[in-house]
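Visitor: Please pick one part of this model for a close look. Start there, then move outwards, and tell me what your words mean as you go.

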Amino acid sequence: MTDRRNTRGEPLEAAELSFDGLDELNDPRAEETDFDRVVEDSVTRRGFLGGVVAVGTGAFLTGTAVLTADEARAAGSRLAFTAVPAGTEDAVRVPEGYNWHVVVRWGDPLWSKGKPFDPATRGTGASQELAFGDNTDGMALFQLGGRSILAVNNEYTNRSIVYGMRDSMKPENADDVRKGKAAHGVSVMEVAQSGGKWQVVEDSPFNRRITADTPMEIAGPAAGHNLLKTGADPSGTRSLGTWNNCGNGRTPWGTYLACEENFNGYFSSSDAALPLPPAFKRYGIRHKDWGYAWATADVRFDIAKHPNEPHRAGYVVEIDPLDPKSTPKKRTALGRMKHENAELVVAANGRIVVYMGDDERGEYLYRYVSHGVYAAGGKNDGLLDRGTLYAARFKADGTGEWLALTPQTTGMASQAEICIHTRMAASAVKATTMDRPEWVAANPHKAEVYCALTNNKNRGRKPNAGGDPTPVGGPNPRAGNKYGQIVRWRPANGNHTARNFAWDLFVLAGNPAVHEDDRKGSKNVNPGNFFNSPDGLAFDSRGLLWIQTDGNYSNARDFAGMGNNQMLIGDPATGEIKRFLVGPKECEITGIAFSGDRRTAFVGVQHPGERGNSRWPDGGDSVPRSAVIAISRDDGTAIG
Ligand code: FEO
Ligand code: CA
Ligand code: CA
Ligand code: CA
């Protein structure tokens with residue numbers, strides 16, 4: 001993280017920093033701390049529910065990450081592959097007996113009328129609108145009559161890469177902005193195997209680009225609210241575009257959920273003296289954008305002229321991947337926040353439950369429960385519009401409860417307002433401030449849910465942006481948390497709609513090669529499998545948990561030995577964690593989907609070379625390009 005220079009050796013500017021770095025620059029927090037209120041119930045001093053993971057207490061598997069595939073199998077491990085060592089190469093590494101290939105890269109056309117990616121220009125607005133977007137993130141695979149349709153989020157762009165052909169490395173004109181907006185959103189494309197390799201089916205009728213300009217419908221309690229009305233849309237029900245789509249979800253009725261995360265970084269003000277309401281401050285909406293310059297070419301991103309426009313972003317967007325003409329719907333009932341992903345389960349009583357993290361330091365974990373019940377093959381359209389939103393409160397004794405966000409509990413005027421200013425609603429009920437909740441994943445074999453809490457340097461040191469304290473304790477046990485952890489909970493009576501749950505930590509990431517204290521991590525972390533900043537989480541059909549990282553890849557000091565970002569597999573039953581993949585330089589690994597026969601895992605490699613030091617995947621002098629890869633086993637059997 002020390003090398004903040006581009007390929008020309010010039011120092012990187014603010015807009016080329018990570019979201020974390022930008023957030024810190026744009027949103028300096030008060031230095032006040034709330035140590036006085038710190039609750040001393042660190043997990044280092046108590047056991048866990050299942051006794052699987054504990055720091056300083058309890059037995060645990062040792063050395064599993066250094067076993068060969070055969071040894072692991074003989075020892076009864078479900079992770080029967082040879083662990084991939086940590087590494088710093090500009091390459092993807094998978095276990096012995098596995099292979100990978102690129103399916104689609106940023107800028108690859110989805111239609112034959114599109115132009116192949118041109119490294120000299122790095123594309124134009126017109127070419128980008130016909131091509132796979134940048135910075136691949138959450139994804140899901142849909143099957144229809146033997147055809148495979150992959151829906152993939154394209155989260156954001158790195159200015160030094162998409163505009164790397166310019167000396168300024170900045171968007172300089174309207175077409176640059178058009179290109180940037182078209183590189184965002186969602187790419188839907190048919191994929192098929194040809195010569196053993198998955199490729200995009202050019203010109204498939206399913207291929208679609210959804211960008212920052214695609215018409216959207218606003219649905220649910222906030223639709224039509226005064227805060228959502230603009231000059232261009234006096235109804236408050238029609239908006240344009242989706243952007244910063246991070247993780248994803250999918251519904252049992254066959255739709256895709258794209259989650260709007262750092263939507264704030266695209267707005268700016270032409271009036272430098274414009275007063276910012278508290279809600280703008282809470283959501284990080286400021287006078288300056290993060291370098292995207294969209295307001296220079298599209299006035300709706302100017303908050304001085306269109307102050308309600310930011311209220312129309314920050315939602316979960318439902319997309320029908322099999323109908324390219326369908327209008328995506330912003331499901332406001334699921335709240336407005338920096339949505340990471342949306343993990344949907346059908347509860348035993350038939351209600352739809354959606355678990356969601358709000359990825360910002362000291363923000364909250366949420367649950368949505370539908371009023372209606374799911375009917376297989378029936379009409380389920382209202383299930384994501386009518387329901388109750390909750391925020392989680394974790395208690396030190398290993399229990400917790402879901403707090404309903406209603407006008408009565410929050411003191412807010414209406415459900416619509418709660419769905420627009422959801423962060424304030426969760427603050428009002430005193431939910432637990434978390435260490436940046438990223439992906440949530442539900443175990444397909446039992447009522448048990450996992451959430452990656454990626455890191456939080458402010459834990460125990462600074463309140464969140466709403467002034468709520470962030471005491472050390474419970475599922476957020478370490479001050480200035482550098483490594484992150486994965487919390488899991490089991491709803492009471494195995495019922496996802498229950499008010500109460502029990503929780504423990506599946507893993508506390510850390511560096512046992514450097515630290516002796518709680519920074520060494522939990523017992524299931526060792527120098528053979530250590531990692532930092534868990535982010536993407538997904539279960540496979542066997543009930544194994546795939547863990548993807550978006551962390552510090554400096555490989556130095558606190559992070560010595562951890563190498564590049566990576567993907568691991570964990571066994572919820574034993575706590576065993578083993579490294580399955582290491583990514584190229586300066587990437588994060590995010591997004592995963594399995595083919596129906598589990599012989600292929602599609603995995604996203606995002607922002608290789610974000611600081612100028614990668615040429616992945618094409619090598620040589622090429623431009624680094626975010627890409628979806630397909631991983632399979634040499635013998636063609638199921639992976640993992
Ligand atoms: Fe887009 Fe929180 O990761
Ligand atoms: Ca993420
Ligand atoms: Ca990231
Ligand atoms: Ca992250």
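Guide: Let's settle one term before anything else: a residue is buried under 20% relative accessible area, exposed over 50% and partly exposed in between, using a 1.4 Å probe on protein chains only. This is a predicted model, where local features need pLDDT of at least 70 and side-chain atom pairs need 80 or more, while totals for chains, interfaces and linings use all residues. Residues are numbered from 1 along each chain, chains are lettered from A and ligands numbered from 1 as written, and side-chain values use heavy atoms, without hydrogens or water.

My pick is the calcium site, with D535 as our way in. D535 is buried, at a relative accessible area of 3%. The calcium ion (ligand 2) has E340 (OE), E438 (OE), D535 (OD) and D535 (OD) as its protein donors, at 2.3 to 2.9 Å. A donor here is an N, O or S atom within 2.8 Å of the metal, or 3.2 Å for Na, K and Ca, and with water left out a site may look incomplete. Read along the chain, the spacing of these donors is E-x97-E-x96-D.

Where do E340 and E438 come from? E340 belongs to the loop between β12 (329–331) and β13 (343–346), and E438 to strand β18 (residues 437–442), so this pair ties together parts 98 residues apart in sequence. (Strands are DSSP runs of E, at least two residues; helices are runs of H or I, at least four; both are numbered from the N terminus.) E340 comes out buried with a relative accessible area of 0%, and E438 is buried too, at 2%.

Now shift across to the calcium ion (ligand 4). E438 bridges the calcium ion (ligand 4) and the calcium ion (ligand 2), and those two ions lie 3.8 Å apart. Around the calcium ion (ligand 4) you'll find E438 (OE), D535 (OD) and D550 (OD), at 2.3 to 2.4 Å, and the donor residues are spaced E-x96-D-x14-D. D535 sits in strand β22 (residues 534–539), whereas D550 is in the loop between β23 (545–549) and β24 (566–570), 15 residues away along the chain. D550 is partly exposed, with a relative accessible area of 24%. There's also the calcium ion (ligand 3), which is 5.2 Å from the calcium ion (ligand 2).

From here, let's wander to the sheet that includes β12, the strand named at the start of E340's loop. This is an open sheet of 6 strands in the order β8-β7-β12-β11-β10-β9, with mixed pairing; strands pair if DSSP finds at least two bridges between them. β8 (238–240) and β9 (245–250) stand at the edges with a single partner strand each, so one side of each has no neighbour in the sheet. Over at the β9 end, β9 and β10 run antiparallel and are joined by 4 bridges. One residue to click on there is N248, whose bridge partner in β10 is A258.

Just past β10, look at the aromatics. F267 is in the loop between β10 (256–260) and α6 (278–282), F301 is in the loop between α6 and β11 (316–319), and 34 residues separate them in sequence. Their ring centres are 5.3 Å apart with the planes at 40°, so the pair is tilted. For Phe, Tyr and Trp (its six-membered ring), a pair has centres within 6.5 Å; planes under 30 degrees apart are stacked, over 60 edge-to-face and the rest tilted. F267 and F301 are both buried. Ring pairs gather W243, Y266, F267, Y292, W294 and F301 into one cluster.

The structure holds 30 aromatic pairs. Another one is W100 with W616: centres 6.0 Å apart and planes at 35°, so that pair is tilted as well. W100 sits in strand β1 (residues 98–105) and W616 in the loop between β27 (600–606) and β28 (627–633), 516 residues apart. Are they buried or exposed? W616 counts as buried at 3% relative accessibility, while W100 is partly exposed at 28%.

One last stop before you take over the mouse: E129, in helix α3 (residues 125–129). E129 is partly exposed, with a relative accessible area of 30%. Its C-alpha atom is 8.8 Å from that of K181, though the two residues are 52 apart along the chain.
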